[in-house]
Amino acid sequence: MNYLSVENIAKSYGEKVLFEELSFGINKDQKVAFVAKNGSGKTSILNIIAGLDTPDTGQVICRKGIQVSYLAQTDNLDPNLTIEETIFSSENTVLNIISQYNKALEDPSNETAYQEAFDLMEQHQAWDFETQYKQILSKLKFEDLDMKVSNLSGGQRKRLALATVLINKPDLLILDEPTNHLDLEMIEWLEDYFAKEKITLFMVTHDRYFLERVCNEIVELDHGKLYRYKGNYSYYLEKKEERIALEQVTVEKAKNLYNKELDWMRRQPKARTTKSKSRIDDFYEIKEKAHKRRQDHVVQLEINMERLGSKILELHKISKAFDNTTIVDGFDYVFKRGERIGIIGKNGTGKSSFLNLITQKIPVDSGKVILGETVKFGYYTQSGIHIKEGQKVIEVIKEFGEFIPLTKGRKITASQLLERFLFDRKRQYDFVEKLSGGEQKRLYLCAVLIQNPNFLILDEPTNDLDVVTLNVLEEFLLDFPGNLLVVSHDRYFMDKIMDSLLVFRGDGLIENFPGNYSDFRAYEDSKPPEKQEKKELKAPAKQQTSTGLNFQEKREFGQLETDMAKLEKKKLEIEALFANNTIEAENINKASIELQQIIDQLEEKEERWLELSMKLED
């Protein structure tokens, strides 16, 4: 069943033609990845498909009645809503029913409203749906659902936008770099979720493991033409290589035929017969094929690395905390020459802060950071290039000099260097703010490398880079003789480049692991699972039931959650009175008795809640 058809679309911005006459379709249950170089118009195509932009020519036809959701690189969340309000603000019917049921639970005395809400939950099988959406929020690390969107970080907003589109369960889900801002644990969960769910996907992503394990078709935009590969990433690489080899053979045959026909053209008299005129027309077609070239320019990375001495970087019992969050606690490490270390860990464990500590962008609370005299950092941060208003591409590079030194005493101009990073002469005079996200990252990478560092620190360098540029960057880093310290959620990248890992476990704990990411995953998976304590089930989250409970038990389960929430709130209020010494002396004894009664009731209801929860699992 065809969900969406793209027919002969074209898009230009001024004189720059992004694409023209592109046509393809998306069918039910396909998981399609869209692959192209940065600046080719990938995001523009997604915006057109999602209805946020219009093509200059052509059209997009969407099957009537299907629901389409789009995860863009920039969200449009309402900052005044809470996380929970954002989830329920969609037009999803089942979510509205769950919201109605939750409101009915708040007023159990209104049995009519409760019964109506309960019947709707049964009718639409909303019990399982609520369990699933709460699982999605849990996996994406949303615990405080009352937090305002305005208080979320950029990464949290991206995760909330992702949660919203997943929970809505659209017929067609369009995703622009869905793994950005997710830690490795979240990416692996999302990968598994997409692989198992019957969902139709059309996505742009640079994560090659994600492409390999999720997608069953890849659409590539290459030199203005679309090519479809019905397979995963490995199949795509294999077939693309075969296609390029076949194109080369075709060009060589055309060249041989062209030379033969050219000789004929030179020998023919001016008077032409009908037959010879036809051959002349064919000649020009052959000429075009014979002169066809693949403009496969790739980034040329080359630096004149500063000499690196024997003393690199030493960390002696460094500690750092922000408010109540400990980033590092008494950590020791002595970097050796040529080490290639990856940093992994969940979001919020302090990976980026650690990089700022060792580069002395922020001070340590205690301990020492000792830097070798010959060390020259090249620090590529997540924030990317600082865009100055009205600054042109070439002006960014000229800030480091008109001429850039290379190895063996050679040097090139700033303009020549930019050409090596795929910015042609015309593009060099574009304003930086007009570049795509991937092009800005490529320019920033250029600006970092031309400073000739001998210790490269890269914080999420793979975000927004196309697959071609990633491959070139990897080859460069494999040959880089200096030190490497990299934070990345790109597992393919980490496996190919890194020799060892620093694993950030949280609460200041950092472990040194001797191996790449796949080695680490195999080690973690081989460990016996830790026993879950029953205490973890105590939190009165509004988890709902499935068919394991009868009518009365479902009703009791919902009422228990409401009662527990009220008791917990009252308990905190009384404890706050004691903590702040705002309770009058004559009321202390009364308040103590009331507090104990609340604690007893809470424990009793938690035990019953746990009993019903266990019954669900059976």
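**An enclosed parallel strand and a helix-covered antiparallel sheet**

Strand E17 and strand E18, the latter spanning residues 483-487, pair in the parallel sense through five bridges, and within this pairing Ile457 stands opposite Leu485 of E18. The model discussed here is a predicted one, and the description that follows begins with the surroundings of E17 before turning to the N-terminal part of the chain.

E17 also has strand E14, residues 377-380, as a parallel partner, the two being joined by four bridges, and here Phe377 is the residue that stands opposite Phe455 of E17. The connection from E17 to E18 involves helix H15, residues 467-479, and these three elements, E17, H15 and E18, together make a β-α-β unit of right-handed sense.

How many of the residues of strand E17 are buried? With burial taken as under 20% relative accessible area, five of the five residues in 455-459 qualify, and the strand is therefore largely enclosed by the rest of the structure. The cover extends to both faces of E17, since Phe455, Ile457 and Asp459 on one side are buried, as are Leu456 and Leu458 on the other. Two of these residues have already appeared in the pairing: Phe455 as the residue opposite Phe377, and Ile457 as the residue opposite Leu485.

The N-terminal part offers a second sheet to follow, an open one of three strands in the order E2-E1-E4, with antiparallel pairing. Strand E2, residues 16-27, and strand E4, residues 57-62, stand at the edges with a single partner strand each, so that one side of each is left without a neighbour in the sheet. Neighbouring strands of this sheet are turned against each other by 15 degrees on average, with direction ignored. Between strand E1, residues 2-13, and E4 there are five bridges, and these two strands run antiparallel; Ser5 stands opposite Ile61 of E4.

Helix H1, residues 42-49, lies across E1, E2 and E4 and runs at about 50 degrees to E2. This helix is mostly covered, with six of its eight residues buried, namely Lys42, Ser44, Ile45, Leu46, Ile48 and Ile49. Just after H1, Gly51 adopts a positive phi of about 85 degrees.

Both kinds of strand arrangement have thus been met along this path: the parallel pairing of E17 with E18 and with E14, and the antiparallel pairing in the sheet E2-E1-E4. Strands of a sheet pair through backbone hydrogen bonds, in either a parallel or an antiparallel manner.

Definitions and conventions: Residues numbered from 1 in each chain as written. Predicted model: local features only at pLDDT ≥ 70, side-chain atom pairs only at ≥ 80, totals over all residues. Heavy atoms only, no water. Buried < 20%, exposed > 50% of the residue type's maximum accessible area, 1.4 Å probe, protein only. Pairing = 2+ DSSP bridges. Right-handed = clockwise from strand over helix to strand, strands pointing away. Axes fitted to C-alpha atoms, helices over the stretch in contact; angles between N-to-C directions. Contact = heavy atoms within 4.5 Å.
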